[in-house]
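Q: Please pick one part of this structure and take me through it closely. I'd like to know how it is put together and what it touches.

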Amino acid sequence: MRLPVLFLVLSFPLAAMAQTEVDGVGPVTEGEVDAFVVADANRDGMLSFPEFREFVRQMARTGQPTARLIRNFAAYRIAFRRVDANEDGFASPAELRSADDDFRENG
């Protein structure tokens, strides 16, 4: 397992938590890192659809609004398609950040 990948967790920032700057991704919170580590069951640094669903659930438990919205509407598949920009079936940390930034800018 590549240790830096664990810190490339992105999406859904929580302002109240400490943040770490990650090259190529930007600021990430301890909550994001924790949620990503829990969700990334096979420790490959990428999230399959089931892992992504768990990541969103973990983030929703912290109160993150976008994750709560996805969970409340059971819109995991829609959200995953939006995140998986290269359509390889996995959500990379960079794809998560990009999708979150896009959602916050464009809704």
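A: First, a word on naming: helices here are DSSP runs of H or I with at least four residues, strands are runs of E with at least two, and both are numbered from the N terminus. Keep in mind that this is a predicted model. The chain has 6 helices and 2 strands, and the order from the N terminus is α-β-β-α-α-α-α-α. Of its 107 residues, 44% count as buried. Contacts between residues 24 or more positions apart make up 48% of those with a separation of 6 or more.

The part I'd pick is the pair α2 and α3, along with the loop that joins them. Two packed helices are described by the angle between their axes and the distance between the axes. Here α2 covers residues 30-39 and α3 covers 49-61, the angle is about 145 degrees, and the axes are 8 Å apart. The crossing of α2 past α3 is right-handed. On the α2 side, the contact uses G31, E32, A35, F36, V38 and A39, and on the α3 side E51, E54, F55, Q58 and M59. Sort these residues by type and you get 6 nonpolar, 2 polar and 3 charged.

One of those charged residues deserves a closer look. E51 sits in helix α3, and it counts as buried because its relative accessible area is 7%, with the cut-off at under 20%. What does E51 touch once you skip residues up to four places away in sequence? Its contacts are A39, D40, A41, N42, D44 and M46. V37 is 14 residues from E51 in sequence, and their C-alpha atoms are 9.9 Å apart.

E54, another α3 residue in the contact with α2, also has a charged partner: its side chain forms a salt bridge with that of R61, at 3.7 Å from N to O. The two partners differ in exposure. R61 has 56% relative accessibility, so it counts as exposed, while E54 is at 23% and therefore only partly exposed.

Now for the loop. R43 lies between α2 and α3, and its phi is positive, near 55 degrees, even though R43 is not a glycine. That catches the eye because most residues other than glycine have a negative phi. R43 has a relative accessible area of 35%, so it is partly exposed. If you want a residue to set beside it, E87 also has a positive phi, about 55 degrees, without being a glycine. E87 is in the loop between α5 and α6 and, with a relative accessible area of 70%, it is exposed.

S48 belongs to the loop between α2 and α3 too. Its relative accessibility is 18%, so S48 counts as buried; the limit is 20%. Which residues does S48 contact, leaving aside neighbours within four places in sequence? They are F80, G89 and F90.

The last piece of the surroundings is α6. Its buried residues pack against β2 (26-29), α2, α3, α4 (65-72) and α5, so both helices of our pair are on that list. The buried residues of α6 are P93, E95, L96, R97, A99 and D100. Why does the length of α6 agree with expectation? Its 14 residues should span 20 Å at 1.5 Å a residue, and its end C-alpha atoms are 20 Å apart.

There are charged pairs here as well. D100 and R97 form a salt bridge between their side chains, 4.0 Å from N to O. They are 3 residues apart in α6, which means about one helical turn separates them, and both are buried. D102 makes another salt bridge, with R82, at 3.1 Å from N to O. This pair ties together distant parts of the chain, 20 residues apart, with D102 in α6 (residues 93-106) and R82 in α5 (residues 76-83). D102 is partly exposed, at a relative accessible area of 32%, and R82 is partly exposed too, at 38% relative accessibility. Together with the R61 pair, that fits the chain's count of 3 salt bridges.

Terms used. Residues numbered from 1 in each chain as written. Predicted model: local features only at pLDDT ≥ 70, side-chain atom pairs only at ≥ 80, totals over all residues. Heavy atoms only, no water. Axes fitted to C-alpha atoms, helices over the stretch in contact; angles between N-to-C directions. Left-handed = near helix turned anticlockwise from the far one by under 90°. Contact = heavy atoms within 4.5 Å. Nonpolar A, V, L, I, M, F, W, Y, C, P; charged D, E, K, R; others polar. Buried < 20%, exposed > 50% of the residue type's maximum accessible area, 1.4 Å probe, protein only. Expected span 1.5 Å × (residues − 1).
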